[in-house]
Amino acid sequence: MSYQKSLNIGLFGYGVVGSAVFEVLNHTPSLQAQVSKICIKNPDKPRNISGSFFTTNKSELIENEEINVIVEMTDDSDAAIDIVRESLRRGKAVISANKKMVAENLAELIDLQQQFETPLLYESACCASIPVIRNLEEYYDNDLLHGLEGIINGSTNFILSKIFDDKLSYQEALKLAQTLGFAESNPALDVEGHDALNKLCLLLAHAYGIVVHPTKLLCHGIHRINSIDSEVASAQGSQIKLVARAIKQANGEVAAFVLPQFVKPPHLLHNVRNEYNGVVLTSALADEQFFYGKGAGGFPTASAILADLSALRYDYRYEYKKRLLQAPSVLCEDVKLQVYVSFQDWQMLPVDAFEEISEYYSGKSFHYRKGIVSMKKMQQNDWWKKPGVSLVLLEEGIAKS
Ligand code: HSE
């Protein structure tokens with residue numbers, strides 16, 4: 001199917017991102033892309049454009065022969081996967097911002113794209129305005145890419161910035177992130193780290209050819225961080241950031257996880273504040289490279305959707321080169337992590353939690369330990385996720401084995 005003439009769009013969702021896409025398209029006539037129909041869940045919500053655009057019947061978009069591109073901007077990953085499957089089967093190109101849906105179904109979505117020779121693009125699903133997926137797909141060879149480390153969730157970064165810089169409480173900061181349209185409809189996806197984890201799965205596929213279901217990877221959010229942890233971080237000149245990592249080990253395997261982490265200058269992620277995202281890539285010849293930009297919000301996300309629409313005009317599609325044309329990398333099962341763990345009560349800490357302890361503090365109702373834990377053991381026993389326990393990766397990150 002050629003997209004040279006015009007892009008007739010069926011848009012699913014008219015929330016923060018969907019409405020921004022509609023507005024931006026109206027101001028970008030050069031793209032020759034227009035929205036024909038918009039499918040929404042709630043027809044009673046007041047909206048700022050003509051009611052004739054809207055329907056609640058998805059078939060009006062998917063079965064419409066005139067529509068050649070589906071732009072899927074819903075927040076419901078179960079509904080989204082059905083829409084995407086059906087659209088690809090019917091030969092419609094799809095653009096999606098739904099990182100949860102893509103991450104949880106990536107193996108099937110790669111197969112569908114190949115089988116029906118239709119593209120699915122999702123640059124906006126990871127780091128919104130930053131073109132990191134296409135760069136990883138097209139520019140970097142996985143042999144040369146030593147690792148990536150990124151702040152890839154705007155809401156949690158916004159919340160942490162507000163706590164550290166503006167001294168807002170966690171609840172105040174979260175509410176503000178919701179009001180500004182950065183957070184997911186279910187903000188637990190942000191603060192518990194799942195959104196960053198879903199995005200990390202997309203990065204792993206395009207950086208290393210690794211297709212893994214998000215539930216298989218180690219993940220922790222920022223929801224257990226308490227005010228004393230913040231004081232400990234400030235006292236050592238650090239901030240706490242939610243960081244996603246994929247780091248090649250000496251044996252070539254890739255260690256991947258999402259954890260809160262102490263970050264201090266001159267680390268490039270230290271200055272990534274508010275809803276901005278940042279990804280540091282380390283590669284053999286170029287050394288460090290830094291991608292930076294807004295990671296959440298209607299217009300930053302719309303900018304990536306526009307770039308995907310534009311790419312469809314020259315029949316661009318992901319080739320999944322690292323997976324399909326090269327030997328994909330393999331995830332490593334275990335690494336030793338250098339962590340800080342604070343806890344209120346001794347019973348919360350299993351006796352064999354640490355393999356080594358390098359520093360400890362005990363107060364009346366607050367204790368912490370710094371030392372080495374096994375990633376594999378953390379995945380087998382989630383004592384570190386319980387209320388009253390807070391775990392943060394130290395700057396040193398992965399211990400040398
Ligand atoms: N809730 C997401 C975030 C939106 O805060 O990063 C953009 O993916």
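## Pockets, cavity and selected residues

The second largest pocket has a volume of about 340 Å³. Its lining comprises 20 residues, and His194, Leu197, Leu217, Cys219 and Lys385 are the closest to its centre. A pocket here is an open set of points on a 1 Å grid over the protein atoms alone, with protein on both sides within 12 Å along at least five of seven lines; a cavity is a set of points where a 1.4 Å probe fits but cannot get out, and lining residues have an atom within 4 Å of a point. Grid points are joined across faces, edges and corners, and a volume is the space filled by probe spheres set on the points.

This is a predicted model, in which local features need pLDDT of at least 70 and side-chain atom pairs count only at pLDDT 80 or more, while totals for chains, interfaces and linings use all residues. Residues are numbered from 1 along each chain as its sequence is written, and side-chain values use heavy atoms, with hydrogens and water left out.

Helix H4, helix H10, strand E8 (218-219) and helix H14 (375-380) each supply at least two residues of the lining of the second largest pocket. H10 gives the most, with 3 residues. Helices (H or I, at least four residues) and strands (E, at least two) are DSSP runs, numbered from the N terminus.

The largest pocket holds about 1200 Å³ of space. Its lining has 50 residues, and those nearest the centre are Met73, Thr74, Asp75, Asp76 and Ser185. Helices that each supply at least two lining residues include H1 (16-26), H3 (77-89), H4 (99-104) and H10 (194-208).

The model has 1 cavity of 30 Å³ or more. The space in the largest cavity is about 30 Å³. Gly150, Ile151, Ile152, Asn153, Thr156, Ala196, Leu242, Val243 and Ala244 line this cavity. Strand E7 (145-151) and strand E9 (239-248) are the elements that give two or more residues to the lining, and E9 has the largest share, 3 residues.

The table divides each lining by residue class: Ala, Val, Leu, Ile, Met, Phe, Trp, Tyr, Cys and Pro count as nonpolar, Asp, Glu, Lys and Arg as charged, and the others, Gly among them, as polar.

| Lining | Nonpolar | Polar | Charged |
|---|---|---|---|
| Largest pocket | 19 residues | 19 residues | 12 residues |
| Second largest pocket | 8 residues | 7 residues | 5 residues |
| Largest cavity | 6 residues | 3 residues | no residues |

Ser161 is found in helix H7 (residues 154-165). Ser161 is buried, at 2% relative accessible area; buried means under 20%, exposed over 50% and partly exposed in between (1.4 Å probe, protein chains only). The Ser161 side chain reaches the backbone oxygen of Asn157 at 2.9 Å. Leaving aside residues up to four places away in sequence, Ser161 touches Asp166, Arg273 and Asn274, where contact means heavy atoms within 4.5 Å.

Some backbone features lie in loops. Cys127, in the loop between strand E6 (120-121) and helix H6 (132-138), is a residue other than glycine with a positive phi, near 65°. Cys127 is buried at 0% relative accessibility. Tyr320, in the loop between helix H12 (298-312) and helix H13 (321-325), also has a positive phi, near 50°, and is buried at 3%. A cis peptide bond with omega of about 5° joins Pro265 and Pro266. Pro266 is in the loop between strand E10 (254-263) and strand E11 (276-283).

Conventions
A polar contact is a pair of N or O atoms within 3.5 Å; within protein, one must be able to donate a hydrogen and the other to accept it, and residues adjacent in sequence count only if both atoms are side-chain atoms.
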